[in-house]
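Student: I have a structure open and have not looked at it before. Can we go through it together?
Tutor: Yes, go ahead and ask.

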Amino acid sequence: MGCVYNHAIILKGFLKWCVTRDLVAVDPLRKVKLRKPVRERKWSPPVDAIEQILAAAAQPLADRLAVLAFTGMRSGECQRLECGQMDLAGNWIHIVSRADDPTKTRRSRKGAYSPASSAGDRAGGKNRTALPVWHP
């Protein structure tokens, strides 16, 4: 439904533009009111299912999966993660889109990270000092 809404918004804008330039006499959609469609909730696995996957995964895959699962980061963003993009004191990961290596959305953003939610902390009970970083 979102695609129809987006196309209708574009069409309404185009028709307004046409009226201002006297390309059409009357905007046929001037009285049409559009309501933004309700976004559907996307399914995500429950935390206990993630815990089972992380418990069954070998290292370093378990650490990588934990970062992906608990930050919402895409796998490509995680692969491009560099040490300077991690604020361990503030529990933030800065996901940076670079001109030579852009993210999917081409936008930089911050993702929250809690060291207590990492696989190593739960399994071994140790205090983590760094997030797992790797390059392909």
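Student: How many salt bridges does the count come to?
Tutor: The count comes to six salt bridges. Keep in mind that this is a predicted model.

Student: Okay, pick one. What does Glu 77 form a salt bridge with?
Tutor: Glu 77 forms a salt bridge with Arg 74, and their closest N and O atoms are 3.1 Å apart. The side chain of Glu 77 also meets that of Arg 109 in a salt bridge, at 2.9 Å from N to O. That second pair links distant parts of the chain, with Arg 109 in strand E3 and Glu 77 in helix H4 (residues 75-79), 32 residues apart.

Student: Is Glu 77 buried or exposed?
Tutor: Glu 77 counts as buried because its relative accessibility is 4%. Arg 74 is partly exposed at 32%, and Arg 109 is partly exposed at 31%.

Student: And Glu 82, what is its salt bridge partner?
Tutor: Glu 82 forms a salt bridge with Arg 98, with the closest N and O atoms 4.0 Å apart. Glu 82 sits in the loop between H4 and E1 and Arg 98 in the loop between E2 and E3, so this pair ties together parts that are 16 residues apart in sequence. Salt bridges with shared partners join Arg 80, Glu 82, Arg 98, Asp 100 and Asp 101 into one network.

Student: Switching topic. In what order do the strands of the sheet come?
Tutor: The order is E1-E2-E3, in an open sheet of three strands with antiparallel pairing. Strand E1 (86-87) and strand E3 (109-112) are the edge strands, and each pairs on one side only.

Student: How many bridges are there between E2 and E3?
Tutor: Strand E2 (residues 92-95) pairs with E3 over four bridges. Ile 95 has Arg 109 as its bridge partner in E3, and Ile 93 has Gly 111 there. On the E1 side, two bridges join E1 to E2, and Met 86 has Ile 93 as its bridge partner in E2.

Student: What about the hairpin of E1 and E2, how many residues are between the strands?
Tutor: There are four residues between the strands, and in this hairpin Asn 91 takes a positive phi near 60 degrees.

Student: Which residues are on the covered face of E2?
Tutor: Ile 93 and Ile 95 are on the covered face, while Trp 92 and His 94 are on the uncovered one. In a regular strand, side chains alternate between the two faces of the sheet.

Student: Now Asp 27. Where is its place?
Tutor: Asp 27 is in the loop between helix H1 (2-20) and helix H2 (47-56). Asp 27 is buried yet has no salt bridge.

Student: How far away is the nearest side chain of opposite charge?
Tutor: That side chain is Lys 12, 5.5 Å away from Asp 27. A salt bridge needs the nitrogen and the oxygen within 4 Å. A polar atom of the Asp 27 side chain does lie 2.9 Å from the backbone nitrogen of Leu 29. Leaving out residues up to four places away in sequence, Asp 27 touches Lys 12, Leu 15, Lys 16 and Val 19.

Student: Last thing: which element has the lowest mean pLDDT?
Tutor: Helix H5 (residues 119-124) has the lowest, at 44, and H1 has the highest, at 92. For the protein chain the mean pLDDT is 79, and 81% of its residues reach 70 or more. Over residues 118-136, pLDDT stays under 50. Where pLDDT is low, the predicted coordinates should not be read in detail.

Conventions:
Residues are numbered from 1 along each chain as its sequence is written. This is a predicted model: local features need pLDDT of at least 70, side-chain atom pairs count only at pLDDT 80 or more; totals for chains, interfaces and linings use all residues. Side-chain values use heavy atoms; hydrogens and water are left out. Buried means under 20% relative accessible area, exposed over 50%, partly exposed in between (1.4 Å probe, protein chains only). Lys and Arg count as positive and Asp and Glu as negative; His and the chain ends are not counted. A polar contact is a pair of N or O atoms within 3.5 Å; within protein, one must be able to donate a hydrogen and the other to accept it, and residues adjacent in sequence count only if both atoms are side-chain atoms. Contact means heavy atoms within 4.5 Å. pLDDT is the predictor's confidence in each residue, from 0 to 100. Two strands pair if DSSP finds at least two bridges between them.
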